[in-house]
Amino acid sequence: MSRATGQPWCDRCQQRWVACSGCATVAQARSGTWEEPLCAKCTNPDPDFWGRCPVCTTTWQLSTRPCQRCVLDQQVRDLLGGSDGAIRPELAAFHDALASAERPDVAFAWVSRSKARDLLERIGRDERPITHEVLDELPPGKVLAHLRSVLVATGALPPRDERLIALEKWISTTVQARIDLAERRVLHGYAVWHHMRRLRRRLGDDHTTRLQDLNVRCHVTAANNFIDWLGGEGLTLGTCTQTDLERWMADPTVSYRDETGHFVRWSVQHRHARDLTYGTVRWTGPLSTIDSEKRWADARRLLNDDTLPTPDRVAGLLLILYAQKIATISQLTVGDVSFDGGTVSITFGTSPVVLPAPLAALVRELVATRRGKAKIGTPEDTPWLFPGGQPGRPLGDDQIGQRLHKIGIRPKQDRSTALFTLATEVPAAILARMLGIHIKVAVQWQQASGGDWAAYAADVSHRVSENQ
């Protein structure tokens, strides 16, 4: 029986943390209903009715035990404190992030896990300055990855491209697994000096996307598999003939055919192989059906269906209307969105795109209400337009893709339809500048769609004359 209401309530309700339907404060539920819970103050606003937590003296409760937030704070201090019990200054922000989590029950449950407790104790006992290299010595796993992201979000560690680091380790392991030194040298040159160098040049200050990571892994795996096949046939790259290569190509069980072709051409170019040819297929346009009617039907549904989550609606519309890759959508920040009175614009490339009123309203709502799922260490001023499940990080492109699939959007096919349609209406140079795609890609889509630049110029001239 609840002493505050005199009504029965179950253990689950007693432990439930909610956003109070009366004052919107995140606190433990003390009355109300499951759909409209109430905190202690809204249950009974009389301050004399409630006691106070003996530690913080601020939490309203009937018991005389320390409140859950104070228990969490003490537990974190015990784990992070050194031999003298003091927390190092560099870990102070991290301690505050755990102790002041909006949902202390979630933070408490995470800290209570054996793996998390072990990692926190190791960090607390280690007298060395906290660095990524120190964390790399700890047992890898999801708990360490989350711990690292919280440390980065709270400023205890600088940001690091974790996907790139993992890719480098995978390549190193794959290359070192080859026993033959000549094969190891060839695979190292292809993986490190070709793919990784090109990837770093493309990245600049950005972090590696999932698709970029997958692309490199597929190419390196293809090269490794082909070298294995050659070894099984008693061949090397230097002794492989065109007949041998065509015999491999005729095998229906082989995989990564296009990626293997790239490796063969690279091997010939760098004189690891001779007299081998592996043709490429020129891209002539999208293979899937271009369904413009479905494109506009999906756009209308996303604009008008209030039952769909706002982030999903905005992401889907950016893909359908502006042909944005989900990897690009994932990396959008609030800084890419500009508000000028009633006008909302967003920058994909070098020039901002003014959004139509219905989409502009959704983007305004998203900027105002965006919130990631991370309960610990999430910075209040997170820059991401689509915050993710780990503090300080955006929603992954794979997660955005899954969410779009659930609402009936097929990212690859629908983006092709959008690009094809836009390429018929807008010149390649403007398409590249506005949508942030490479000019060569824009030209290819222009040629595939048979876009009429003269019609576009005439339309612009007609609009200018009307405005005058």
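Which side chain of opposite charge is nearest to Arg16, and how far away is it? Point 3 takes this up.

1. Status and overall make-up. This is a predicted model. The protein chain contains 22 helices and 9 strands. Its radius of gyration is 29 Å, well over the 23 Å that the globule rule gives for 468 residues, so the chain is more spread out than a compact globule. Along the principal axes, the C-alpha atoms fill a box of roughly 90 × 70 × 40 Å.

2. Burial, contacts and surface. Of the 468 residues in the protein chain, 41% count as buried. Among contacts with a separation of 6 or more, 55% are between residues 24 or more positions apart. The chain exposes about 25800 Å², and carbon and sulfur atoms supply 52% of that area. The chain has 58 positive and 53 negative charges, and the mean positions of the two sets are 2 Å apart.

3. Arg16. This residue sits in the loop between helix 1 (11-14) and strand 1 (17-19). Arg16 is buried but has no salt bridge. The nearest side chain of opposite charge is that of Glu35, at 7.3 Å. A salt bridge would need a side-chain nitrogen within 4 Å of a carboxyl oxygen. Setting aside residues up to four places away in sequence, Arg16 touches Ala27, Gln28, Ala29, Thr33, Trp34 and Pro37.

4. Helix 5. The buried residues of helix 5 (residues 104-112) are Pro104, Asp105, Ala107, Trp110 and Val111. These buried residues pack against strand 1 and against four helices named here: helix 3 (68-80), helix 4 (92-99), helix 6 (114-125) and helix 8 (142-153). Strand 1 is also one of the two elements that flank the loop of Arg16.

5. Leu164. This residue belongs to helix 9 (residues 162-176). With a relative accessibility of 11%, Leu164 counts as buried. Apart from neighbours within four places in sequence, Leu164 is in contact with Met196, Leu199, Leu203 and Thr208. Ala107, one of the buried residues of helix 5, is 57 residues away from Leu164 along the chain, and their C-alpha atoms are separated by 29 Å.

6. Positive phi values. Most residues other than glycine have a negative phi. Thr57 has a positive phi, near 60°, and lies in the loop between strand 5 (51-52) and strand 6 (60-61). Ala323 also has a positive phi, near 55°. Ala323 is placed in the loop between helix 15 (310-322) and helix 16 (326-330), and is buried, with a relative accessible area of 1%.

7. Salt bridges within a helix. The count of salt bridges comes to 23. One of them joins the side chains of Glu121 and Arg125, with an N to O distance of 4.0 Å. Both residues lie in helix 6, 4 residues apart, about one turn of the helix. Glu121 is partly exposed at 29% relative accessibility, whereas Arg125 is exposed at 56%. Another salt bridge links Asp298 and Arg301, at 3.5 Å from N to O. These two are 3 residues apart in helix 14 (residues 292-304), which puts about one helical turn between them. Asp298 is buried, with a relative accessible area of 8%, while Arg301 is partly exposed, with 28%.

8. A salt-bridge network. Asp136, Arg148, Arg160 and Glu162 are joined into one network by salt bridges that share partners. Of these, Glu162 falls within the range given for helix 9 (residues 162-176), and Arg148 within that of helix 8 (142-153).

9. A salt bridge between separate parts. The side chains of Arg178 and Asp228 meet in a salt bridge with an N to O distance of 2.8 Å. Arg178 is in the loop between helix 9 and helix 10 (181-203) and Asp228 is in helix 11 (residues 210-232), so the pair ties together parts that are 50 residues apart in sequence. Arg178 counts as buried, at 10% relative accessibility. Its partner Asp228 is partly exposed, with a relative accessible area of 40%. Unlike Arg16, which is buried and has no salt bridge, Arg178 is buried and takes part in one.

How values were computed
Residues numbered from 1 in each chain as written. Predicted model: local features only at pLDDT ≥ 70, side-chain atom pairs only at ≥ 80, totals over all residues. Heavy atoms only, no water. Rg over C-alpha atoms; globule rule 2.2 N^0.38 Å. Buried < 20%, exposed > 50% of the residue type's maximum accessible area, 1.4 Å probe, protein only. Contact = heavy atoms within 4.5 Å. Areas by Shrake-Rupley, 256 points an atom, 1.4 Å probe, with all protein chains shown as cover. Lys, Arg positive; Asp, Glu negative; His and termini not counted. Charge placed at Lys NZ, Arg CZ, Asp CG, Glu CD.
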